[in-house]
Amino acid sequence: PSTMMGLSGFGDLFLTASSLTSRNTQFGMALGSGKTVEQAMISVFGIVEGRASINGVLALAEKYNLDLPITSGLRDLLLAKCSVQELLDSFRARPMTRE
């Protein structure tokens, strides 16, 4: 927890999610623009860490009984179980809770 919540951990997470030079951001933008997973992977040079680690994150979530709707939804998107629009609609349909 101290690594992730420290400046280096938070900074790395923030940049990978927002920088246009980030492979994760490039991959997400390609998917959001309508490209398939295969097309998005071709458009990004190198390993997309988020895609490579999603199953491990969800295994840990299951082990610790955590609900990770965004991560689960992204896995479904990567497996072509839903479209980007369907994923966004499912997020909007979730009740807002205070936890």
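Me: Which residues touch the most other members of the largest nonpolar core?

Reply: In this predicted model, the largest nonpolar core has 13 residues. F27, L31, V37, A40, L77 and L78 touch the most other members. At least two residues of this core come from each of α3, α4 (37-43), α5 and α6. The largest share is from α3, with three residues.

Me: What is A40 in contact with, leaving aside its neighbours within four places in sequence?

Reply: Look for F27, A30, L31 and K35. A40 is in contact with these four once those sequence neighbours are set aside.

Me: Now the empty space. How much lies in the largest pocket?

Reply: The general idea comes first. A probe the size of a water molecule is rolled over the atoms, and this shows where empty space is left. Here, the largest pocket holds about 840 Å³ of space. It is lined by 28 residues, and A17, N24, G50, R51 and L74 are the closest to its centre. Two or more lining residues come from each of α2 (7-18), α3 (23-32), α5 (49-63), α6 (69-78) and α7 (84-93).

Me: Which element gives the most to that lining?

Reply: Helix α3, with seven residues. By type, the lining has 17 nonpolar, eight polar and three charged residues.

Me: Where is the mean pLDDT lowest among the elements, and where highest?

Reply: Start with the general rule. Where pLDDT is low, do not read the predicted coordinates in detail. In this chain, the mean pLDDT is 89, and 99% of residues reach 70 or more. Among the elements, helix α1 (residues 2-5) has the lowest mean, 72, while α6 has the highest, 94.

How values were computed:
Residues are numbered from 1 along each chain as its sequence is written. This is a predicted model: local features need pLDDT of at least 70, side-chain atom pairs count only at pLDDT 80 or more; totals for chains, interfaces and linings use all residues. Side-chain values use heavy atoms; hydrogens and water are left out. On a 1 Å grid over the protein atoms alone, a cavity is a set of points where a 1.4 Å probe fits but cannot get out, and a pocket is an open set with protein on both sides within 12 Å along at least five of seven lines; lining residues have an atom within 4 Å of a point. Grid points are joined across faces, edges and corners, and a volume is the space filled by probe spheres set on the points. Helices (H or I, at least four residues) and strands (E, at least two) are DSSP runs, numbered from the N terminus. Ala, Val, Leu, Ile, Met, Phe, Trp, Tyr, Cys and Pro count as nonpolar, Asp, Glu, Lys and Arg as charged, and the others, Gly among them, as polar. pLDDT is the predictor's confidence in each residue, from 0 to 100. A nonpolar core is a set of buried Ala, Val, Leu, Ile, Met, Phe, Trp, Tyr and Cys residues joined through side-chain atoms within 4.5 Å. Buried means under 20% relative accessible area, exposed over 50%, partly exposed in between (1.4 Å probe, protein chains only). Contact means heavy atoms within 4.5 Å.
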